[in-house]
Amino acid sequence: MIFDMICMIFDAVILTIYLHKILGKRKESVSAALYVGCLCLVEIFLIFLMRYFGGQHTSFRVFLSNLASFATTFILTILHKSNLRHRLFVSISFHVYASMSELIVYSICSLLPASMSEILFSNENYGLLMSKIVLFILLNITILLWNRKKQHYSLQYSILIMMMPFLSFLLLLTMTHQLTWTTGTVYDILHLAGMTGILVANVLNYFLLDNLMKVKELEQQKIQMDKQFEYETDKYQQISTVYRDSRRFIHDAKKHFFFIQNCMIEKNYDSVIPYLQEAVKDIENTHNRINTGNLVIDAFVSNHQSIAEQENIEFLTDIQINNENVVIADYDFSVILGNLLDNSLHACRKILTPAPRQIAVEIFTTNMELVVHISNTVPAPHMRESESSQHLAHGFGMKNIEVVVAKYLGTYTHYLEDGRYHSIVAIPCPIQD
């Protein structure tokens, strides 16, 4: 009975792991105490059911066990956020794996020498322990396969997470001599302690590796956040530089006007034309080439246009905006525009001459939205690649763009067409009465 309780706890733990990894977190309305209570009631019900029908025909017990396992597991899935399809998969797979684990243990033990198999079959608890380890192996394999797309599991992690249950099973197969020990209170306690220790070691190993995996993910997220913070800081500095240049231009323009005024008063006309020529050159060198009145557009488009022309990349612009319809904050707008322009510039740098290298920037507003459409040519060998692979290669900062666009209830689309990669962002404007 004590070992049944230990197995009940182990079943509850591995079932919790399975539900969490496949279905996700439990619902907010379900407290931890309620969740644990439901698990305990389920396991107690199953033990009672098996004890009550213990003398029934084997096929009837198998049917009853599968039915009860499916029903109780499905009830537990309701406590998680998930759809019906996933809940049915978890409920069916868990009770199928439970049956498979018993069959696998029986098949393996049958292949062993007669002396070993007889000893194993004569000890019900030992066979139950091995079936629990096999069940844990099957659940781990399913978890790794289920989450392979949304969570990257390294080969090292996969091997380590599977190694403990496999080694535990092999260890149990080679310890049959301990089952021939003389029965007694001390030996029974040692057997119970050993079997319990194997189950506990498997659970602790899983949680230890899982926490290490989470720590590694947090470290990677921190590195990415630090990089993005540096990137956004750099973009903010660009805007600050444009603002300071604009203030300096206004200050210099005042000095130019004062000088020209003094020349006119003193009738020193010969000095005006050379001075104006130098002043125009200074204005062309310091002032933005794009002047829409929007600080983000003027800063980023002007800066990237200058860089593109220095690297012999054709840079086309078509900007027609009404600043009253640009409702996005400057910081968020810099995330979108800065990332899109950087990606286009990065893609064009990969193109080898004499293939065309071109960036086209189209920004406009309507009464309903702000639209940013940036397209660029792509390297010739990549023109036949899928859109998804192009987006992956193009995608520095794409996640940040998606987050900002979602914040303003906008849309972000991208596609590859006729050798050009297009990125379109639309941010809705407030409806005008």
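The exercises below concern cores, salt bridges and a surface patch in a predicted model.

**Exercise 1. Find the residues with the most contacts inside the largest nonpolar core, and the helices that supply this core.**

Solution.
- Step 1: The largest nonpolar core holds 51 residues, and Tyr-18 and Met-130 have the most contacts inside it.
- Step 2: At least two residues of this core come from each of α1 (2–23), α2 (32–52), α4 (84–111), α6 (124–146), α7 and α8 (185–265).
- Step 3: For Met-130, set aside the neighbours within four places in sequence; Val-105, Cys-109, Leu-120, Phe-169, Leu-172 and Leu-173 are then in contact with Met-130.
- Step 4: A second core, separate from this one, has 32 residues, including Ile-297, Leu-370, Ile-374 and Met-398.

**Exercise 2. Describe the salt bridge between Asp-11 and Lys-132, and decide whether each partner is buried or exposed.**

Solution.
- Step 1: The closest N and O atoms of Asp-11 and Lys-132 are 2.6 Å apart, and a salt bridge requires a distance within 4 Å.
- Step 2: Asp-11 sits in helix α1 and Lys-132 in helix α6, 121 residues apart, so the pair links distant parts of the chain.
- Step 3: The limit for a buried residue is under 20% relative accessible area. Asp-11 is buried because its relative accessibility is 11%. Lys-132 is buried because its relative accessibility is 13%.

**Exercise 3. Compare the surroundings of the pairs Lys-21 with Asp-210 and Lys-407 with Asp-332.**

Solution.
- Step 1: Lys-21 and Asp-210 form a salt bridge whose closest N and O atoms are 2.9 Å apart. The pair joins helix α1 to helix α8 across 189 residues.
- Step 2: Lys-21 and Asp-210 are both buried. A network of salt bridges links these two residues with Lys-214.
- Step 3: Lys-407 and Asp-332 also meet in a salt bridge, at 2.9 Å from N to O. Lys-407 belongs to helix α13 (residues 398–407) and Asp-332 to helix α11 (residues 330–349), 75 residues apart.
- Step 4: Lys-407 is exposed because its relative accessible area is 56%, whereas Asp-332 counts as buried at 7%.
- Step 5: The total count is 6 salt bridges.

**Exercise 4. Identify the residues of the nonpolar surface patch and place Leu-167.**

Solution.
- Step 1: Leu-155, Ile-159, Leu-160, Met-163, Leu-167 and Leu-170 make a nonpolar patch of about 570 Å² on the surface.
- Step 2: Leu-167 is part of helix α7 (residues 155–173).
- Step 3: Patch residues need over 30% relative accessible area. Leu-167 has 48% and is therefore partly exposed.
- Step 4: In soluble globular proteins, nonpolar side chains tend to be buried together.

Notes. Residues numbered from 1 in each chain as written. Predicted model: local features only at pLDDT ≥ 70, side-chain atom pairs only at ≥ 80, totals over all residues. Heavy atoms only, no water. Patch = residues over 30% accessible without salt bridge, like charges linked within 9 Å, V, L, I, M, F, W, Y side chains within 5 Å. Areas by Shrake-Rupley, 256 points an atom, 1.4 Å probe, with all protein chains shown as cover. Salt bridge = Lys/Arg side-chain N within 4 Å of Asp/Glu carboxyl O. Helix = DSSP H or I, 4+ residues; strand = E, 2+ residues; numbered from the N terminus. Buried < 20%, exposed > 50% of the residue type's maximum accessible area, 1.4 Å probe, protein only. Core = buried A, V, L, I, M, F, W, Y, C linked by side-chain atoms within 4.5 Å. Contact = heavy atoms within 4.5 Å.
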